[in-house]
Amino acid sequence: MLVRYSLVVSATLVLLLSTSIGDTYGEGIRDVPNLYEKANEHFMIGEYHEAIELYDKILEISPSNAKTSLMKGIALDNLERHKASILEFYKVNQQDPKNITALIGLGVGFGNYGEYKQALTYFEQAYELAPENHVVENYYEFALNTVKKYPYNEAEKPEIFTLNIPQTVPAWIKNTAGWWATDKIPDEEFVKSLQFLIENEIISVESSSKAESSLGAIPSWIKNTAGWWATDKIPDEEFLKGINFLIDNGLLVIDLPEVQGLSEEKKKINDRNQWEFSRYLDRIQKIVDKDKRYIEYPNPSNDVIKKFLRDYVKWNYDQQIEVGNQGFPNPEYVLIDDVYHLEYKIFVNDQPPALPLDHVSTLTNSFKMWEDMEFNANDGKKVKINFVTTNTKTNANLWVTWVVRDLGEGVLGHANLGKGIVEVALGGYGCDGNFQLFHVNTVEYIMTHELGHGIGLRHSEDPNSIMYPSMKNTQYAYCMLDVDKKINTGSIVLKKD
Ligand SMILES: [Zn+2]
């Protein structure tokens with residue numbers, strides 16, 4: 001039996017408050033970290049309606065809070081409210097086109113409509129930004145396959161309005177930096193020019209910022225950096241990197257409402273694009289209905305669980321487990337050169353047809369892990385294990401199957417000791433409160449562990465051993481929260497919209 005560590009869901013939320021914000025917000029903003037934490041508690045047990053109600057309260061106080069929008073978008077997606085979900089992710093995408101979770105959310109949303117080309121454009125962007133992220137990779141692969149598989153009538157795309165934003169640092173900011181470096185202007189003046197940089201997205205503020213501090217804490221090296229930059233000794237990027245570092249580490253708190261002009265203009269354009277985008281989604285919905293479009297959902301988790309429940313006995317050997325392993329034949333062995341060669345015949349169960357993840361082929365790795373090892377027999381001789389697969393259950397020493405039924409709180413697999421049943425969970429509810437398929441590597445890891453029991457091994461107390469009774473890192477294949485676990489943990493940064 002393999003037990004998962006319970007995920008750390010609640011985390012300390014640090015509210016970022018610069019002195020002047022406090023008064024403007026009144027009481028509302030102080031409730032935000034609390035609201036966010038409560039909302040996420042509901043979310044993690046699948047109470048999405050309750051969670052969304054609280055996310056909406058936060059978004060009323062702080063409409064452009066990206067973390068909240070992302071959580072709301074995922075909750076809406078889990079409720080199959082595709083349009084609302086897409087619009088929520090779109091809002092984040094407008095503020096931060098490189099937010100990977102938002103890109104994935106958009107791709108999943110369009111995929112849920114069967115608008116695969118549009119889905120692919122988002123998954124592609126995410127893949128370019130994070131090719132090593134397994135969730136991103138799975139969705140990108142999905143889109144590549146479905147685009148080729150299902151032809152469809154594409155909806156007309158919206159016109160996207162843009163605002164011309166200076167991408168380089170204006171000269172006056174450089175002058176300001178120079179004056180600040182030589183103490184000709186106070187900190188506040190310099191900070192105002194930084195506000196301009198943030199407002200115009202020349203510096204992007206990370207949503208993971210934490211800690212609070214006042215201007216007094218600006219380290220002296222940044223003044224040097226500003227001075228070098230003002231005299232062209234270092235390029236723009238170096239200077240911006242320094243400022244970004246200060247903001248991300250909470251050493252510099254920038255109060256944003258002071259520079260509003262451009263932001264108003266930008267907000268108007270964002271609203272207009274959201275409106276166009278919403279009409280676009282309506283057009284898609286119309287075509288989907290009219291064409292009776294067949295849709296393959298990007299996240300197959302729900303289909304897999306449905307197929308499992310429909311054909312329960314095919315995949316579940318729970319009755320057999322209760323009977324025990326007495327009916328199973330013992331593995332055969334031969335003694336060659338003082339080494340026992342033990343041969344395990346394995347019956348490998350099918351996988352449900354809706355499952356795009358290939359777990360059967362990863363069995364080879366699990367087999368090899370044990371085949372490469374040497375064990376000791378009671379008589380002091382060495383033992384080597386060899387696995388062969390068989391199509392008949394009756395002569396098999398082990399039956400291997402992948403299951404989705406509830407194995408018990410946090411339990412990821414079961415196995416009889418020495419021979420009998422080996423069953424491994426295909427997914428669980430631990431990522432976002434919905435059933436989610438595990439990442440292939442996670443299933444392989446559990447399988448190797450359970451196979452260890454299958455050949456007679458007990459648990460190890462060594463945390464680095466595969467036979468250690470719990471698993472540190474359970475990864476999911478399609479769960480959007482697995483793209484960036486920081487979203488539902490860590491601090492929440494608020495700025496005035
Ligand atoms: Zn175990």
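**Stop one: a pair of helices**

Start by selecting Y116, K117, A119, L120, F123, E124, A126 and Y127 in α7, then add V136, E137, Y139, Y140, A143, L144, T146 and V147 in α8; the first group meets the second. Colour that selection by residue type and you'll find twelve nonpolar residues, one polar and three charged. Now show the two helices whole: α7 covers residues 116–129 and α8 covers residues 134–149. They pack at an angle of about 150°, and their axes are 9 Å apart. Turn the view until one helix lies in front of the other, and you're looking at a left-handed crossing. Keep in mind as you go that this is a predicted model.

**Stop two: zoom out**

Show the whole chain as a cartoon. How many helices and strands does the chain have? There are 18 helices and eleven strands. Of the 497 residues in the chain, 38% are buried. If you count contacts between residues at least 6 apart in sequence, 71% of them join residues at least 24 apart.

**Stop three: two annotated repeats**

Next, select residues 32–65, and then residues 100–133. An unreviewed UniProt entry puts the feature "repeat: TPR" at both stretches. What do they look like here? Residues 32–65 are 79% helix and 0% strand, with the end C-alpha atoms 11 Å apart. Residues 100–133 also come out at 79% helix and 0% strand, and there the end C-alpha atoms are 10 Å apart.

**Stop four: an unusual backbone angle, twice**

Pick E80, in the loop between α4 (66–78) and α5 (82–95). Most residues other than glycine have a negative phi. E80 is not a glycine, yet its phi is positive, at about 60°. Is E80 buried or exposed? It is exposed, because just 10 other C-beta atoms lie within 10 Å, and the cut-off for exposed is 12 or fewer.

Now jump to K292, in the loop between α13 (261–291) and α14 (301–310). K292 is another residue other than glycine with a positive phi, this one near 45°. K292 counts as exposed, as it has 6 C-beta neighbours inside 10 Å.

**Stop five: a loop residue that is buried**

Select L252, which sits in the loop between α12 (236–248) and α13. Despite being in a loop, L252 counts as buried, because it has 24 C-beta neighbours inside 10 Å and the threshold is 20 or more. Add V191 to the selection: L252 and V191 are 61 residues apart in sequence, and 8.9 Å separates them, C-alpha to C-alpha.

**Stop six: two sides of α17**

Move on to helix α17, residues 363–371. Which residues of α17 are buried? They are S366, F367 and W370. Look down the axis and you'll see why they belong together: they cover an arc of only 100° around it, so they lie on the same side of α17. The general rule behind this is that an α-helix has 3.6 residues a turn, so residues three or four places apart point the same way. Now spin to the other side of α17, where T364 and K368 are exposed. To find what the buried residues pack against, show β5 (382–390) and α18 (440–454).

**Stop seven: a glycine in α18**

Stay with helix α18 and pick G454. G454 is buried, with 27 other C-beta atoms within 10 Å. Which residues does G454 touch, leaving aside those up to four places away in sequence? Select L398, A415 and V422 to see them. Then add N416, whose C-alpha atom is 5.9 Å from that of G454, although the two are 38 residues apart along the chain.

**Last stop: N473**

Finish in the segment after β11 (470–471), where you'll find N473. N473 is exposed, with 10 other C-beta atoms within 10 Å. Draw a distance from N473 to T442: their C-alpha atoms are separated by 8.0 Å, and the two residues are 31 apart along the chain.

How values were computed. Residues are numbered from 1 along each chain as its sequence is written. This is a predicted model: local features need pLDDT of at least 70, side-chain atom pairs count only at pLDDT 80 or more; totals for chains, interfaces and linings use all residues. Helices (H or I, at least four residues) and strands (E, at least two) are DSSP runs, numbered from the N terminus. The arc is that of the directions from the helix axis to the C-beta atoms. Two residues are in contact if their C-beta atoms, placed from the backbone, lie within 7 Å. UniProt positions are given in the numbering used here, feature names are shortened, and annotations may be inferred rather than shown by experiment. Axes are lines fitted to C-alpha atoms, for helices over the stretch in contact, and angles run from 0 to 180 degrees between N-to-C directions. A crossing is left-handed if the near helix is turned anticlockwise from the far one by less than a right angle, and right-handed if clockwise. Ala, Val, Leu, Ile, Met, Phe, Trp, Tyr, Cys and Pro count as nonpolar, Asp, Glu, Lys and Arg as charged, and the others, Gly among them, as polar.
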